[in-house]
Amino acid sequence: MEEEAVRTFLTCFSRMLSSFNEWLWQDRFWLPPNITWTQLEDRDGQVYPHPQDMLAALPLALVLLAMRLTFERFIGLPLSRWLGVQDHTRRQVKPNARLEKHFLTEGHRPKEPQLSLLAAQCGLTLRQTQRWFRRRRNQDRPRLTKKFCEASWRFLFYLSSFVGGLSVLYHEPWLWAPVMCWENYPEQTLKPSVYWWYLFEMGFYLSLLMRLPFDVKRKDFKEQVMHHFVAVILMTFSYSANLVRIGCLVLLLHDSSDYLLEACKMVNYTQYRRVCDALFLIFSLVFFYTRLVLFPTQILYTTYYESVSNTGPFFGYYFLNVLLTLLQLLHVFWSCLILRMLYSFVKKGQMEKDIRSDVEESDSSEEEVAATQEPLQLKNGAAQGPRAVPADGPRSRVAGRLNNSHTTAT
């Protein structure tokens with residue numbers, strides 16, 4: 001009886017999957033009107049993109065992950081030491097079950113009333129509790145060497161991808177005239193070099209998605225996740241619908257500034273401040289020109305208007321432009337962050353830090369020092385605590401020495 005029920009379930013599931021597959025790959029979703037999949041079958045030595053080709057990106061992503069781990073361990077880490085990247089010394093927190101539970105379940109930055117309550121429950125002073133949370137937050141922050149290794153791997157890939165893509169596409173006329181991306185569309189053959197470049201880009205972004213839980217999380221983490229998902233969906237859809245030409249232009253345009261960003265990060269983790277400042281200015285100019293000028297005026301314009309001049313709009317037309325518009329919104333978001341950093345650069349004369357990064361806290365914050373230096377006031381204006389003594393008396397001098405020795409010990 002159970003075997004029959006399982007067999008029935010599998011049969012129903014197979015039929016549902018088959019029906020969904022037929023519905024998903026309808027011509028009207030992916031191709032212009034009056035075009036069918038049969039017209040894009042390989043024939044007479046002419047090769048066209050096929051959706052199943054992208055399945056090869058999954059094992060390639062695993063290979064890239066293995067290459068990345070090997071690179072970071074045997075090349076990135078020694079390179080960081082050679083360039084003088086040093087991790088900050090971090091003091092370990094004393095085990096405290098109550099504070100650890102609050103840190104993991106209720107938040108990393110409790111407010112002062114919560115800190116006071118936790119201090120009373122644990123038999124600690126307010127200052128000791130603040131210091132415990134500060135050190136505990138520092139323990140979860142990635143070290144500079146980890147950031148450097150991650151940036152160096154991305155720099156290597158983006159630079160290789162940009163140089164490789166430029167060499168593959170340099171002699172293509174549609175690289176210099178995007179309107180030619182729609183010439184004889186969708187019956188455009190696929191060159192092996194373009195296929196392999198596209199496949200490696202797809203595998204790389206899949207590997208980034210696989211590593212998201214373990215990579216350095218910055219303040220724009222949600223935007224990074226959105227960008228990676230949009231990139232994977234865009235590459236999959238553009239390849240399946242034979243929009244490879246416009247997809248290649250989008251990839252090459254992004255790679256042209258991405259490797260500069262990663263190079264800037266690498267140098268920022270070292271002591272070469274002037275090199276970092278110069279690289280950041282170059283990156284900013286390239287980013288603004290490619291993402292805020294070329295992308296909307298060349299890519300978005302041709303996909304919005306020139307793409308339907310011969311075929312008319314269809315579902316794939318709207319879907320493609322929605323994805324590209326999401327990318328452009330992300331470009332605007334990151335441009336605002338870059339402008340803030342540029343403002344800081346102009347105001348102070350040098351780059352301070354990546355505003356997307358979480359800065360490591362010192363062992364004593366300014367707020368804590370101020371709190372210890374300013375005594376609490378009672379309603380009648382008198383200071384709370386022991387009676388005030390003359391500033392130049394012997395008791396005051398002894399108290400000052402004891403306070404200095406206590407501060408040094410902590």
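Colleague: Let's start with helix α3 (residues 57-82) and helix α7 (residues 144-169): at what angle do they cross, and how far apart are their axes?
Modeller: In this predicted model, the axes of α3 and α7 cross at roughly 120° and come within 9 Å.

Colleague: And why is α3 called oblique to α7?
Modeller: Roughly perpendicular covers 65 to 115 degrees and roughly antiparallel begins over 145. The angle here is roughly 120°, which falls between those ranges, so the pair is oblique. As for its hand, α3 crosses α7 in a right-handed sense.

Colleague: Which residues make that contact?
Modeller: On the α3 side, they include Leu 64, Met 67, Phe 71 and Leu 77. From α7, Phe 148, Trp 153 and Leu 156 are among them.

Colleague: What makes α12 and α13 roughly antiparallel?
Modeller: Helix α12 (residues 273-304) and helix α13 (residues 315-348) pack at about 155°, with their axes 10 Å apart. The cut-off for roughly antiparallel is over 145 degrees, so α12 and α13 earn the label. Their crossing is left-handed.

Colleague: How do you know that α9 is roughly antiparallel to α10?
Modeller: By the angle again: α9 and helix α10 (residues 221-240) pack at about 150°, their axes 9 Å apart. That value is over the 145 degrees required, so roughly antiparallel is the right term. α9 also passes α10 in a left-handed crossing.

Colleague: What do the two helices bring to this contact?
Modeller: α9 contributes Tyr 195, Tyr 198, Met 202 and Tyr 205, among others. Residues from α10 include His 227, Phe 229, Val 232 and Met 235.

Colleague: His 227 catches my eye. Which tryptophan of α13 has it as a contact?
Modeller: That is Trp 334, which sits in helix α13. Setting aside neighbours within four places in sequence, Trp 334 is in contact with His 227, and also with Asp 220, Glu 223, Gln 224 and Phe 287.

Colleague: Why is Trp 334 called buried?
Modeller: Its relative accessible area is 11%. Buried means under 20%, so Trp 334 belongs in that class. The C-alpha atom of Trp 334 is separated by 9.9 Å from that of Arg 291, a residue 43 places away along the chain.

Colleague: Arg 291 also touches an aspartate. Which one is it, and where is that aspartate found?
Modeller: It is Asp 258, in helix α11 (residues 244-268). Asp 258 touches Arg 291, Tyr 158 and Tyr 205, if residues up to four places away in sequence are not counted.

Colleague: Is Asp 258 buried or exposed, and how do you know?
Modeller: Asp 258 has 14% relative accessibility. With the limit for buried at under 20%, Asp 258 therefore counts as buried.

Colleague: What makes Asn 34 and Asp 44 exposed, then?
Modeller: Asn 34 has a relative accessible area of 77%, and Asp 44 comes out at 76%. Exposed means over 50%, so both qualify. Asn 34 lies in the loop between α2 (27-30) and α3, and Asp 44 is found in the loop between α2 and α3 too.

Colleague: What is notable about the backbone of these two?
Modeller: Each has a positive phi without being a glycine: about 70° for Asn 34 and near 55° for Asp 44.

Colleague: And where does a cis peptide bond occur?
Modeller: It joins Tyr 185 and Pro 186, with omega about 5°. Pro 186 lies in the loop between α8 (173-176) and α9 (192-211).

Colleague: How do you know that Cys 181 and Cys 248 are not bonded?
Modeller: A disulfide needs sulfur atoms within 2.5 Å. The sulfur of Cys 248 is 8.6 Å from the closest cysteine sulfur, in Cys 181, so the two are too far apart for a bond. The structure holds 0 disulfides.

Colleague: Why are both cysteines classed as buried?
Modeller: Cys 181 has 2% relative accessibility and Cys 248 has 0%. Both values are under 20%, so both count as buried.

Colleague: Finally, what does the whole chain look like in numbers?
Modeller: Its secondary structure comes to 15 helices and 0 strands. Of its 410 residues, 42% are buried. About 24300 Å² is exposed, and 62% of that comes from carbon and sulfur atoms.

Technical notes. Residues numbered from 1 in each chain as written. Predicted model: local features only at pLDDT ≥ 70, side-chain atom pairs only at ≥ 80, totals over all residues. Heavy atoms only, no water. Buried < 20%, exposed > 50% of the residue type's maximum accessible area, 1.4 Å probe, protein only. Helix = DSSP H or I, 4+ residues; strand = E, 2+ residues; numbered from the N terminus. Contact = heavy atoms within 4.5 Å. Areas by Shrake-Rupley, 256 points an atom, 1.4 Å probe, with all protein chains shown as cover. Axes fitted to C-alpha atoms, helices over the stretch in contact; angles between N-to-C directions. Parallel < 35°, antiparallel > 145°, perpendicular 65-115°, else oblique. Left-handed = near helix turned anticlockwise from the far one by under 90°.
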